[in-house]
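Okay, thanks for coming, everyone. Let me put today's structure up on the screen so we can walk through it together.

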Amino acid sequence: MAAPIALIQGASRGLGFEFCRHILKNKSLATVVATCRNPDGAAKLRSLAGQHPGRLTVLRLDVNHEEDIRGAAERVKESFGRLDLVVNSSAMLHPSGKGETSLRDVSAQGIISTLTTNTVGPLVMAKYFSPLLLKGSGGFGQQPAEKAKQHSGIIVNITAKVGSIGDNGLGGWYSYRMSKAALNMATRNLSIELGRSRPKVVCVSLHPGTVNTELSRPYHQNVPKDKLFSTEHSVNCLMSIVDTLNIEKTGKAYSWDGTELPW
Ligand SMILES: NC(=O)c1ccc[n+]([C@@H]2O[C@H](COP(=O)([O-])OP(=O)(O)OC[C@H]3O[C@@H](n4cnc5c(N)ncnc54)[C@H](OP(=O)(O)O)[C@@H]3O)[C@@H](O)[C@H]2O)c1
C-alpha cells in the first residue's frame with residue numbers, strides 16, 4: 001500500500017500542531033500537509049519540517065477564504081494526487097476570546113465570525129478535498145475484508161462536547177455551541193453523501209476533551225488538573241480512535257475516550 005498522506009488544517013499550534021507531530025512520529029512513512037494562516041510565522045512547524053526532511057509540507061490556508069482552500073487543494077493534487085486523512089482542527093471560541101455568558105453578550109457579528117470559521121470553513125474544506133480523499137489509499141483507519149465496505153479516506157472534524165444539544169444542561173456560549181452543533185450536522189450530511197460513493201469516505205466529529213491550549217485558557221482555572229489534558233494525551237486518544245475507524249463508524253461524534261457523543 002502507498003504511504004499514507006494526511007492534511008491537518010489549523011496546524012500552527014494547539015491540537016493541529018500536535019496532530020502533525022504525532023503522525024510524523026508514529027506513522028513512519030506518512031507524509032503530512034500542514035495548513036495554517038501564516039506559514040512565515042509558524043516557527044514550530046518549520047522546526048518540525050526540519051526534523052522530518054521531505055515529509056512535511058506547509059501551505060497557507062485561511063479557512064475563512066474559499067480561494068485559499070481551492071488553491072491548497074490544487075497544490076495537493078499537483079504534488080500528491082490523493083489524500084488519506086483530513087483533520088479540520090482550526091476554530092475560535094468567539095472573537096472576544098470568551099464565550100457569551102448570556103444573551104446580553106450576543107452580537108450578530110460575533111456569531112457570524114464564529115460560524116464562518118468553525119462551521120463553514122470545514123464544510124468548504126470537504127468540498128475541495130473530498131475528490132482527493134476519494135482517490136486515497138485508505139491508509140488510515142481499519143479496512144474490513146468486504147470490498148464494498150472499504151474506505152479510501154477519512155474526514156475528521158474536531159468538535160466539542162458543548163456542541164452536543166442532548167448534553168447541554170448549562171446554556172451560555174451561544175456562538176461556539178451553535179457552531180459545533182452545526183459542524184456536527186455537516187459531518188452527518190457528509191457521511192451520507194460520501195458514504196454513497198464508491199469508494200467511500202468516512203466522516204466523523206471528534207471531541208478532544210478539555211485541552212491545555214490558547215482556546216480554552218480563560219477557563220483553565222475551573223478545570224481539575226487531571227481533567228485538563230496535554231495536547232499529546234488528547235491527540236494520542238484521538239488518533240487511537242482514527243486507527244479503528246471504518247465505514248460502519250461513519251456519521252457519528254466520538255469523545256476522546258471512544259464513547260459516542262449524543263447529538
Ligand atoms: N482546547 C480545548 O479545550 C478544546 C475543547 C474542545 C474542542 N476543542 C477544539 O479543538 C480544535 C483545536 O483547538 P485548540 O484547542 O488547538 O485551539 P488553539 O490552540 O487556539 O488553536 C486554534 C488554531 O486554529 C487556527 N485558526 C483560527 N482561525 C483560523 C482561520 N480562519 N483559518 C485557519 N486557521 C485558523 C489558529 O491559527 P493561528 O495560529 O493562525 O491563529 C490555530 O492554529 C478546535 O476545533 C476547538 O474547537 C478544543
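So, Leu15: one of its backbone N or O atoms sits 2.8 Å from an oxygen atom of the ligand, which fits the cut-off for a polar contact, a pair of N or O atoms within 3.5 Å. The protein buries 92% of the 910 Å² that the ligand exposes when taken alone; accessible areas here come from the Shrake-Rupley method with a 1.4 Å probe, and for residues only the protein chains shown count as cover.

Before I go on, a word on what you're seeing: this is a predicted model, where local features need pLDDT of at least 70 and side-chain atom pairs count only at pLDDT 80 or more, while totals for chains, interfaces and linings use all residues. Residues are numbered from 1 along each chain as its sequence is written, and side-chain values use heavy atoms, with hydrogens and water left out.

Back to the ligand. What else touches its oxygen atoms? The side chain of Tyr176 has an N or O atom 2.5 Å from one, and a polar backbone atom of Val211 is 2.8 Å from one. Elements giving two or more residues to the shell are helix H1 (14-26), H5 and strand E7 (210-211); helices (H or I, at least four residues) and strands (E, at least two) are DSSP runs, numbered from the N terminus.

Helix H5 covers residues 174-196, and Tyr174 is in it. Is Tyr174 buried or exposed? Partly exposed, because its relative accessibility is 34%, and the label covers anything between buried, under 20%, and exposed, over 50%.

How values were computed:
Buried means under 20% relative accessible area, exposed over 50%, partly exposed in between (1.4 Å probe, protein chains only). A polar contact is a pair of N or O atoms within 3.5 Å; within protein, one must be able to donate a hydrogen and the other to accept it, and residues adjacent in sequence count only if both atoms are side-chain atoms.
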